Amino acid sequence: MFESLQERLGSILNGLTGRGALSEADVAAALREVRRALLEADVALDVVRSFTDKVRERAVGAAVLKSIKPGQMVVKIVHDELVAMLGEEGVPIDLNAPAPVVIMMVGLQGSGKTTTSAKIARRLTDRQGKKVLMASLDTRRPAAQEQLRQLGEQVKVATLPVVAGQSPVDIARRAVHAAKLGGHDVLILDTAGRTHIDEPLMVEMAEIKAASNPHEILLVADSLTGQDAVNLARNFDERVGITGLVLTRMDGDGRGGAALSMRAVTGKPIKLIGTGEKMDALEEFYPKRIADRILG
Ligand code: GDP
């Protein structure tokens with residue numbers, strides 16, 4: 001679908017080696033290709049700018065200009081900088097707090113919050129032997145609570161029984177209480193989303209946070225959302241304060257630019273990625289793989 005950046009940079013720069021050192025104009029031409037490739041991969045414009053500045057700094061004056069294959073050198077610099085910007089790999093969910101450790105899942109409607117809640121619950125139960133309770137705080141869509149209950153059954157994790165008429169904050173308090181009484185190690189709160197960010201959503205998230213004192217607040221974001229991902233991450237981080245990101249639909253054909261944008265804007269680690277609808281389709285995050293994907 002996309003011509004790879006490696007090929008494009010190769011054809012721009014490698015043909016020039018015969019005549020000695022590359023000029024700054026050659027580097028500028030290469031950076032224009034880098035910029036185009038990143039925009040095609042759906043990286044946000046301001047993130048692209050700061051990124052190409054970094055690459056320019058390293059490329060100009062470096063051994064690149066005199067190297068035999070400057071195209072490959074530039075690709076390597078771009079790759080290394082992408083990996084650096086994407087952050088550490090395999091940052092686990094932090095359970096280092098008194099039980100029940102509360103994990104609050106936030107994000108837009110349809111981003112994969114409920115599915116990811118159940119995937120995480122399954123992983124903590126199966127791999128770490130934790131006793132987990134899940135609660136749906138989505139009172140706007142009656143089907144949401146039922147969806148979590150069914151997923152809970154599927155992954156053999158308890159869900160908080162539904163009580164009609166309670167507000168999300170009431171449910172959060174009841175869930176914390178139930179998790180304490182039940183001796184659960186972890187409580188996962190699946191909050192309600194909206195189709196877009198709005199004030200009532202942010203107020204609700206802040207209230208739930210205050211009522212449940214979460215140790216982790218994970219923003220679940222659809223990796224295919226591209227540019228919108230930046231606003232989403234910025235807003236949630238500024239208003240609610242997130243501790244990490246989970247990117248879903250990494251099995252789709254997005255180029256991974258959203259990952260770079262969200263990480264760059266929040267500085268928060270990408271903790272996990274969703275790679276399918278099944279309950280075991282949750283993986284550790286490897287920056288190198290995303291960098292390769294962005295480069296094409
Ligand atoms: P919520 O509204 O944020 O709770 O989103 P849901 O958890 O209900 O997910 C919406 C849809 O996306 C469901 O059909 C999920 O099966 C699907 N989904 C969630 N995560 C992934 C993923 O990583 N890959 C794919 N292909 N589908 C996913």
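Student: Looking at this chain of 296 residues, what percentage of them is made up by buried residues?

Tutor: Buried residues make up 52% of the 296 residues in the chain; keep in mind as we go on that this is a predicted model. The chain has 11 helices and 8 strands, and its C-alpha atoms fill a box of roughly 75 × 40 × 35 Å when this is taken along the principal axes.

Student: How much of the contact between residues with a separation of 6 or more comes from residues 24 or more positions apart?

Tutor: Among the contacts in the chain with a separation of 6 or more, 76% are accounted for by residues 24 or more positions apart.

Student: Which two values should I read when two helices pack, and what are they for α7 and α8?

Tutor: Two packed helices are described by the angle between their axes and by the distance between those axes. In this structure, helix α7, spanning residues 168–181, packs with helix α8, spanning residues 199–212, at an angle of about 25°, and their axes are 9 Å apart. Angles under 35 degrees count as roughly parallel, so α7 is roughly parallel to α8. The crossing of α7 and α8 is right-handed.

Student: Which residues meet where α7 packs with α8, and how do they divide by class?

Tutor: From α7 the residues are P168, V169, A172, R173 and V176, and they meet E204, E207, I208, A211 and S212 in α8. By class, this contact of α7 with α8 has 6 nonpolar, 1 polar and 3 charged residues.

Student: A211 belongs to α8; is A211 buried or partly exposed?

Tutor: A211 has a relative accessibility of 23% and therefore counts as partly exposed, given that buried means under 20% relative accessible area. Leaving aside neighbours within four places in sequence, A211 is in contact with V169 and R173. For a sense of distance across the model, the C-alpha atoms of A211 and R58, which are 153 residues apart along the chain, are separated by 48 Å.

Student: At what angle do the axes of α5 and α6 cross, and how should that angle be read?

Tutor: Helix α5 (residues 113–128) and helix α6 (residues 142–155) have axes that come within 10 Å and cross at roughly 25°, which means that α5 is roughly parallel to α6. The crossing of α5 and α6 is right-handed. On the α5 side the contact is made by T114, T115, S117, A118 and R122, and on the α6 side by Q147, L148, L151 and V155. These residues of the contact of α5 with α6 divide into 4 nonpolar, 4 polar and 1 charged.

Student: Why is α4 described as oblique to α10?

Tutor: Helix α4, residues 70–86, packs with α10 at an angle of about 55°, with their axes 9 Å apart. Because an angle of 65 to 115 degrees would be needed for roughly perpendicular and one under 35 degrees for roughly parallel, α4 is oblique to α10. L82, M85 and L86 of α4 make this contact with A259, L260, R263 and A264 of α10, and the residues of the contact divide into 6 nonpolar, no polar and 1 charged.

Student: Where is G257 found, and is G257 buried or exposed?

Tutor: G257 is found in helix α10, which covers residues 257–266, and with a relative accessible area of 1% G257 is buried. Not counting residues up to four places away in sequence, G257 touches A41, D42, V43 and I294. G257 and V47 are 210 residues apart in sequence, but 9.9 Å apart in space, C-alpha to C-alpha.

Student: What can be said of G252, in the loop between β6 and α10?

Tutor: G252 has 28% relative accessibility and so counts as partly exposed. The C-alpha atoms of G252 and T159, 93 residues apart along the chain, are separated by 30 Å.

Student: And which residues is T248, in strand β6, in contact with?

Tutor: T248 lies in strand β6, residues 244–248, and counts as buried at 6% relative accessibility. Beyond its neighbours within four places in sequence, T248 is in contact with S111, G112, T116, V220, A221, D222, S223 and G274.

Student: Which annotation covers residues 269–282?

Tutor: The unreviewed UniProt entry gives the annotation "domain: SRP54-type proteins GTP-binding" for residues 269–282. Over residues 269–282 the chain is 0% helix and 43% strand, and the end C-alpha atoms are 16 Å apart.

Key
Residues numbered from 1 in each chain as written. Predicted model: local features only at pLDDT ≥ 70, side-chain atom pairs only at ≥ 80, totals over all residues. Heavy atoms only, no water. Axes fitted to C-alpha atoms, helices over the stretch in contact; angles between N-to-C directions. Helix = DSSP H or I, 4+ residues; strand = E, 2+ residues; numbered from the N terminus. Parallel < 35°, antiparallel > 145°, perpendicular 65-115°, else oblique. Left-handed = near helix turned anticlockwise from the far one by under 90°. Contact = heavy atoms within 4.5 Å. Nonpolar A, V, L, I, M, F, W, Y, C, P; charged D, E, K, R; others polar. Buried < 20%, exposed > 50% of the residue type's maximum accessible area, 1.4 Å probe, protein only. UniProt positions renumbered as here; feature names shortened; annotations may be inferred.
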